[in-house]
Amino acid sequence: VICNTHAHANYIRALPGMKKKVSVIWNGVKQYNYKPRSHKKPQEFCFVVIARVAYPKNGLRLLQALQIFYERNKFIPSIVWVGRDDTSSKLSILMKQQMVSFLNNYPEISNKFSFAGEKKDVHLFYKSADALLIPSIYEGVPTVLCEAMFAGCPIIASNISDNKKILGSNENLGFLHNPFSPIDICLAIERRINISNKNLRKMTDIARLFAKKHF
């Protein structure tokens, strides 16, 4: 059995007779050109989510985290959500409705948040974004995480599946958070905002080397 995450492989290995019958191959993606981030004021930052607007992607808690961030810092970065609406699931439809309702009640968030729909040129977002947000509550190794590492785009990701194994327990390749805790998502965003340009460049350089070796 070939899995694309160690987390799933460990689950299958625990089944009767499967201990020595499981291997792991992480996702493979094409390389993206690397572009170091230019210096900006935090108020000018723009983050991107590249995912279906779907229940597992945890959009409502992300908005709640942004509200907490705003209350603590009196500003928020711009957020662009790139991806189609998932209308195949009642939970996904409900989450989108809840997100829209939340944005209607918090203009300070809605003024900085936009749904861009599905795009083919996602590589342009990796190159321009100051971070890729992956707030999912469950998934395998996200292809967008692999692509962002190649593109030198900083990553703020849920501590699920193999994300910790990839980004490091000390967050040396990205910023991890508990996806079920809006305050923890907020704190991960703050760590990205507050990291020095020198340390961020070191992080993204090492992440790109990791991506070349493993993806």
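How many of the five residues of E3 are buried? Four of them are, so the strand is largely enclosed by the rest of the structure. Keep in mind that this is a predicted model. Helix H6 tells a similar story, with eight of its nine residues buried. Elsewhere, a search of the whole structure turns up eight aromatic pairs and zero disulfides.

**Strands E3 and E4**

- E3 covers residues 46-50, and it runs parallel to E4, with five bridges between the two strands.
- One of the partnerships to look for is Cys46 with Ser78, the latter sitting in E4.
- E4 itself spans residues 78-82 and also carries Trp81, which takes us to the rings.

**Aromatic pairs**

- Trp81 and Phe115 are a tilted pair, because their planes meet at 45°, which falls between the 30 and 60 degree cut-offs. Their ring centres are 6.3 Å apart.
- This pair ties together distant parts of the chain: Trp81 belongs to E4 and Phe115 to strand E5 (residues 113-117), with 34 residues separating them.
- Trp81 is buried, at 0% relative accessibility, whereas Phe115 comes out as partly exposed at 32%.
- Phe115 has company on its face too: Lys96 lies over the ring, 4.5 Å from its centre.
- Phe210 and Phe215 make an edge-to-face pair, with 5.9 Å from centre to centre and 65° between the planes.
- Both of those phenylalanines are buried, and together with Trp26 they form one aromatic cluster.

**Thr5 and its surroundings**

- Is Thr5 buried or exposed? Its relative accessible area is 3%, and since anything under 20% counts as buried, Thr5 is buried.
- Thr5 sits in the loop that joins strand E1 (2-3) to helix H1 (6-13).
- A polar atom of the Thr5 side chain is 3.0 Å from the backbone nitrogen of His8.
- If you skip neighbours within four places in sequence, the contacts of Thr5 are Val24, Trp26, Gly140, Val141, Ser161 and Asp162.
- Trp26 in that set is worth a second look, as this residue is also part of the cluster with Phe210 and Phe215.

**Helix H6**

- H6 runs over residues 143-151 and is largely enclosed by the rest of the structure, because eight of its nine residues are buried.
- The buried ones are Val144, Leu145, Cys146, Glu147, Ala148, Met149, Phe150 and Ala151.
- What do these buried residues pack against? On the strand side, the partners are E3 (46-50), E6 (131-134) and E7 (155-158). On the helix side, they are H5 (122-128), H7 (163-167) and H9 (197-214).
- Right after H6 comes Gly152, with a positive phi near 70°.

**Cysteines**

- With zero disulfides found across the whole structure, where does that leave Cys146? Cys146 is in no disulfide, and the nearest cysteine sulfur belongs to Cys153, 13 Å away.
- Cys146 is buried, with a relative accessible area of 0%.
- Cys153 is in no disulfide either; for this residue the nearest cysteine sulfur is that of Cys46, at 9.9 Å. A disulfide needs the two sulfur atoms within 2.5 Å, so this pair does not qualify.
- Cys153 is buried as well, at 3% relative accessible area.
- Cys46 brings us back to the start, as the residue bridged to Ser78 of E4.

Notes:
Residues are numbered from 1 along each chain as its sequence is written. This is a predicted model: local features need pLDDT of at least 70, side-chain atom pairs count only at pLDDT 80 or more; totals for chains, interfaces and linings use all residues. Side-chain values use heavy atoms; hydrogens and water are left out. Rings of Phe, Tyr and Trp (its six-membered ring) pair if their centres lie within 6.5 Å; planes under 30 degrees apart count as stacked, over 60 as edge-to-face and the rest as tilted. Helices (H or I, at least four residues) and strands (E, at least two) are DSSP runs, numbered from the N terminus. Buried means under 20% relative accessible area, exposed over 50%, partly exposed in between (1.4 Å probe, protein chains only). A charge sits over a ring if NZ of Lys or CZ of Arg is within 6 Å of the ring centre and within 35 degrees of the ring normal. A polar contact is a pair of N or O atoms within 3.5 Å; within protein, one must be able to donate a hydrogen and the other to accept it, and residues adjacent in sequence count only if both atoms are side-chain atoms. Contact means heavy atoms within 4.5 Å. Two strands pair if DSSP finds at least two bridges between them.
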